[in-house]
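Please open the structure in a viewer and keep the selection tool at hand. The tour below proceeds one selection at a time.

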Amino acid sequence: MTSRSTKARLQLIAAGAALALAAACGGSSGGGGGDDKASAPGVTATTVTIGSHQPLTGPAAPGYSEIAPAAEAMFKYINESGGIHGRSIEYKYKDDGYNPANTVDVVKQLVLQDKVFAIFNGLGTPTHSKVTDYLNQARVPDLFVASGARLWDDPKKHPYTFGWQPDYLIEGKVLGKYIKDNLAGKKVGYLYQNDDFGKDGIAGLDSQLDAAQVVDKQPYETSQLSQPTGIAPQLSSLKAKGAEVVVSFSIPAATAVALLTNAKIGYKPQMVVSNVGSDPTTLTGLLGTFSKGAVGAALLNGIVTDRYLPAPSDTADPWITLFKKIHDKYIPSLPFDGNVEYGMAAAYTFAQALNAAGENPTRQSLVDAVEKGGFKGPGFTPFRFSEDSHAGYTGMLITTLDGKGGSTKLGDAFVTTNDPSAAIEPAPADAQGKPGDDAFLKP
Amino acid sequence: MSRFLSVTLSGLAGGMIYAAVALSLVLIWRATRVLNFAQGAMAMFTTYLAYYVLDHDGSYWLAFAVALLSGLLLGAFVERVLVRPVESGPHLNAVVVTLGIFIFLQGLAGLLFGGRFRSFPTTFSNKNYNVGDVSTLSPFEIFVISSVGLVAVLLFALFQYTDVGLRMRAAAFEGEIARMLGVRVGQMLTLGWALAAVAGSLAGILVAPSVFLHPNNMDGVFVFGFTAAVIGGLDSPVGAIIGGLGIGVLLSYVASYAGGDLQTLAALGVLVFILMVKPSGLFSSTATRRV
Amino acid sequence: MATLALPRRGPFASTIVRHLTVAVVGGLVLLLLTSSVNAYRDFQIANVGYYVVAVAGLTVLTGLNGQISLGHGALMMVGAYTAALILDRDNPPPLVVVLVLCVVVTAVVGAIVGAAAARLRGPYLAGATLAFAVGLPGLTSHYAGTFGGDNGLSVFTSPPPASLGVDFPSERWQAWITLAAALVTLVLLANLASSRVGRSFRAVRDDEVSAELAGIHVARTQVLAFVVSAACAGLAGGLLAVVSGQATPGAFSVALSLAILAGAVLGGLGSLAGAVYGAVALVALPAISSNASERFDFGTDVKSNMPLLVYGALLVIVMLVAPQGLQGGVRRLAGLLRGRSPAQPARNESVTEVSVTEPEG
């Protein structure tokens with residue numbers, strides 16, 4: 001016998017050493033702390049470092065990968081005019097590929113190694129719900145989760161976590177009320193994504209609509225969108241059941257596939273589409289400048305949807321003017337669409353919260369500032385932030401798309417809560433702020 | 001009944017796409033005994049090149065030609081430069097190389113073209129013809145079926161009736177003997193990959209209008225194309241076509257009559273059932289031993 | 001390095017004692033290592049730990065027994081959901097019990113998959129296991145009530161024992177858990193590989209007909225190899241659930257199955273030491289790619305996609321440079337250090353590398 005077996009054992013030990021090596025040469029050391037002006041981890045005399053997890057690559061990346069660069073552009077704009085209390089906001093966003101295991105990894109890296117002050121706008125329900133326990137245990141502010149699930153509004157269990165956008169149940173209620181008031185007597189069908197997003201949405205619809213009016217409920221899987229037959233079976237069923245109104249709780253790709261399929265099978269229902277799935281710029285891109293046979297952006301004409309922020313096409317709105325200016329300066333290669341607007345608006349709310357957290361912000365003072373609330377920005381409705389509520393925007397208004405990338409408001413905004421029985425009321429008239437209300441944001 | 005017919009036809013049109021992917025996998029397997037996990041990503045990338053042509057005001061047919069030609073070159077490059085050097089090592093190395101290429105191309109596409117969804121034209125109308133009360137196929141779907149069919153027939157003719165085809169088959173099945181008979185085996189294997197990649201690129205450009213163009217747009221199509229190739233038998237181009245059509249119809253039935261969430265489970269069930277009865281697929285003639 | 005060689009006489013003559021000695025030494029080294037790095041490094045090491053278990057299990061199946069599997073990610077998912085469902089109770093059993101149950105449940109699933117797999121060879125086995133990896137997550141959506149749909153289940157991870165002190169980082173505790181599991185797995189697999197069972201695995205791999213003639217039941221051996229491998233995957237999945245606090249379909253995509261296979265091949269197929277290298281590579285390569293990319297001020301699209309591109313390129317480069325995997329590279333390096341000319345290993349040798357101890361005589 002040779003010494004092969006001992007060699008093999010040596011190699012096991014060497015493998016152990018490889019672990020040490022990998023750990024030793026893995027990358028940068030932790031930043032943050034150690035400064036006189038450091039009031040909290042991630043805060044120095046001149047900077048505040050915050051972090052996020054985002055799907056920059058992978059199946060969820062299209063569209064969503066624009067949000068973080070847009071938020072970063074807003075922070076850069078604020079930094080250039082002096083920052084918040086003299087500090088510039090450094091935004092570190094990392095790719096989790098929409099894989100929840102990766103989310104845990106990058107969030108731990110941000111908190112433990114990069115020592116960020118707070119996590120901001122972490123994207124996705126399956127992803128972010130796996131780090132809320134951790135962030136709250138570690139007492140890291142977890143602001144303005146980029147998801148309309150109802151999970152973020154639980155101040156007792158998760159005192160450091162806050163939502164931002166209106167949740168999908170609220171959205172379902174407002175859309176349901178519109179149908180009840182304006183499309184009475186029509187047969188209604190649902191098309192919805194088979195997860196929390198879609199199910200919350202139809203729960204909201206069901207709270208408003210008479211069950212007899214709803215003739216078909218068709219769930220779809222996102223995996224179907226990557227197959228050539230797409231969601232044709234669902235739309236064929238809705239057509240066969242005679243639905244005259246189709247409410248669609250869908251992501252933009254699914255909305256586009258649904259519209260193309262309708263054109264293909266000759267089905268012309270009144271489409272009512274959730275905010276998530278109705279961004280005109282994204283849909284116009286998806287329906288194509290190339291498409292032949294009377295499809296294309298014209299398919300968007302007449303779609304009813306809802307929004308809680310001004311439409312990116314509404315150039316008369318001072319917020320859109322400002323966002324477009326920031327877009328053109330920092331991220332001109334990205335389309336100016338709803339995702340970019342979303343990122344900028346959320347970043348602005350964060351800047352307001354940081355500003356309100358005081359000269360030398362601590363993690364607790366940031367959370368206190370959000371709970372105190374009172375932020376006004378581009379949104380049509382107030383935030384619901386308080387000690388008892390960590391929910392964000394509380395409602396939306398109804399608009400209709402014109403097929404040329406634009407949209408028209410159908411009345412004023414409503415507010416409600418995600419209690420199915422709670423009333424839907426008109427939003428206060430002065431809910432929207434103006435750029436320049438805060439000194440740190442020069443229009 | 002009319003719905004059943006519509007569902008079947010729509011499944012067949014989709015199945016042709018899986019058939020094209022399966023065909024490309026079968027050709028590569030026959031040539032070099034390698035499972036090419038990069039096939040979907042390669043097709044995605046060549047579709048982006050076609051998109052680039054369209055975006056610069058090129059015609060659809062120019063873009064179509066660019067996709068197929070770049071597929072040809074990419075297939076040859078991958079075989080000759082990246083796969084050939086690892087062929088002498090443990091043979092799963094080639095699998096890892098194709099996985100690496102798969103990830104690399106997705107990164108490269110995102111880097112060059114951005115991670116956004118892009119629309120892709122159909123060139124023919126995508127409105128279904130109605131026959132009686134049956135919503136049948138659209139002109140574009142007829143184009144899908146006929147172009148994949150044409151490519152399959154051309155490949156078949158090439159293999160069966162031409163000298164090059166004979167030499168390619170010889171190189172693939174009896175490399176040593178072919179070499180002794182003066183066949184440039186290496187060149188033939190490269191050509192096999194190149195032709196296979198053309199079939200893949202065809203699938204890419206035909207499916208892009210339905211699934212849009214983005215760096216992951218072929219992942220789902222690739223998985224079912226692979227399933228189709230295994231069902232048909234990896235040595236059999238005919239099996240690839242039939243497997244592809246079968247999977248297409250199956251997925252359409254499941255989504256229509258059982259629910260979209262059961263598609264992948266149904267594909268698994270059918271695959272396992274067929275392999276339990278025929279462990280080398282429906283149409284394979286040779287037994288396979290290698291891992 | 002040669003001075004570390006353990007004598008083959010005296011107490012070290014027993015295979016098990018030798019393996020245990022290595023494990024204890026390795027454990028001590030790891031104890032020092034985990035205690036000297038920051039909490040995030042501990043978390044990465046915890047990830048390496050469960051990858052070691054999964055990759056080692058696959059290397060036994062594919063390297064020793066010659067069966068490919070593209071479905072180990074789905075088997076890990078079985079383990080993870082088992083852990084999640086058990087830990088979701090009011091009074092969950094101790095972690096060791098949970099992990100053992102993960103192993104048992106996944107081994108049962110592995111027996112079923114293995115029984116089907118025993119009839120299949122090469123690419124057909126690859127196709128069937130790939131379909132398994134794609135199909136199984138569909139169950140979570142269909143039975144959303146039990147499995148939580150796309151959101152999956154959150155797993156409560158128990159804090160470190162109070163005896164370690166209040167400030168003891170939970171990541172270090174998790175690293176200890178997965179590393180202990182990895183060492184136990186490696187010792188068990190090393191003993192299995194050098195046992196009669198391990199020899200029958202290899203005999204079936206090398207030549208099924210000869211193995212049959214030698215009295216080995218081929219199908220039974222293949223199913224057994226699948227069960228052993230699945231048991232490892234189940235343990236790895238359970239550990240993943242505990243470390244990252246979740247069982248979600250998104251974490252067990254086909255990409256995970258392919259990554260496990262890539263880890264086994266990158267490390268050096270059939271070698272348990274290679275499994276360790278492969279597992280380190282699975283954690284280190286993406287981290288290195290993304291750290292490297294962060295140092296440059298790229299545009300948005302480039303910044304997002306550069307890590308992916310670098311990772312893919314690294315996979316190809318490793319295979320081109322080190323065809324026998326990292327393990328083969330280390331072996332050649334060790335040969336050079338000893339001043340011997342590195343004998344080019346025969347193609348078959350790398351596969352038999354796991355035969356850490358050939359039977360005496």
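Begin by selecting chain B, in which buried residues make up 66% of the 291 residues. The model is a predicted one, and this applies to every stop that follows.

**Chain B as a whole**

With chain B still selected, display the secondary structure: there are 11 helices and 2 strands. Followed from the N terminus, the elements run α-α-α-α-β-β-α-α-α-α-α-α-α. The radius of gyration of chain B is 19 Å, close to the 19 Å that the globule rule gives for 291 residues, so chain B is as compact as a globular protein of that length. Along the principal axes, the C-alpha atoms of chain B fill a box of roughly 60 × 50 × 35 Å. Of the contacts in chain B with a separation of 6 or more, 72% join residues 24 or more positions apart.

**Where chain B touches chain C**

Next, add chain C to the selection. How many residues does the contact take from each chain? It takes 45 residues from chain B and 47 residues from chain C. On the chain B side, the elements that give two or more residues are α4 (92-113), α9 (219-232) and α11 (263-277) of chain B. Colour α4(B) separately, since the largest share of this side, 14 residues, comes from that helix. By residue type, the side of chain B that touches chain C divides into 29 nonpolar, 13 polar and 3 charged residues.

**Confidence in chain A**

Now hide the other chains and colour chain A by pLDDT. Its mean pLDDT is 88, and 90% of its residues reach 70 or more. Among the elements of chain A, helix α1 (residues 4-24) has the lowest mean pLDDT, 49, and strand β3 (residues 118-120) the highest, 97. Over residues 1-10 of chain A the pLDDT is below 50, and this stretch has 15 contacts in the model beyond near neighbours in sequence. Residues 20-36 of chain A also have a pLDDT below 50; here the model has 30 contacts beyond near neighbours in sequence.

**Parallel strands in chain A**

Select strand β5 (residues 188-193) of chain A together with β6(A); the two pair in the parallel sense over 6 bridges. Within this pairing, L191(A) stands opposite Q218(A) in β6(A). The chain crosses from β5(A) to β6(A) through helix α8 (residues 196-208) of chain A, in a right-handed β-α-β crossover. Strand β6 (residues 214-220) of chain A is mostly covered, with 5 of its 7 residues buried.

Strand β7 (residues 245-249) of chain A is the next selection. Is this strand enclosed or open? It is largely enclosed by the rest of the structure, because 5 of its 5 residues are buried. V245(A), V247(A) and F249(A) cover one side, while V246(A) and S248(A) lie on the other. β7(A) runs parallel to β5(A), joined by 5 bridges, and Y190(A) stands opposite V247(A). β7(A) also pairs in the parallel sense with strand β8 (residues 270-273) of chain A, over 4 bridges, where S248(A) stands opposite V273(A). Adding helix α10 (residues 252-265) of chain A to β7(A) and β8(A) shows a right-handed β-α-β unit.

**A last stop at H327(A)**

Finally, select H327(A), in helix α12 (residues 318-330) of chain A. H327(A) counts as buried because it has 24 C-beta neighbours inside 10 Å. Leaving aside residues up to four places away in sequence, H327(A) touches A73(A), P332(A), F336(A) and V340(A). From H327(A) to M74(A), the C-alpha to C-alpha distance is 8.5 Å, although they are 253 residues apart in sequence.

Definitions and conventions
Residues numbered from 1 in each chain as written. Chains lettered and ligands numbered in written order. Predicted model: local features only at pLDDT ≥ 70, side-chain atom pairs only at ≥ 80, totals over all residues. Contact = placed C-beta atoms within 7 Å. Nonpolar A, V, L, I, M, F, W, Y, C, P; charged D, E, K, R; others polar. Rg over C-alpha atoms; globule rule 2.2 N^0.38 Å. Buried ≥ 20, exposed ≤ 12 C-beta atoms within 10 Å, placed from the backbone. pLDDT = per-residue confidence, 0-100. Pairing = 2+ DSSP bridges. Right-handed = clockwise from strand over helix to strand, strands pointing away.
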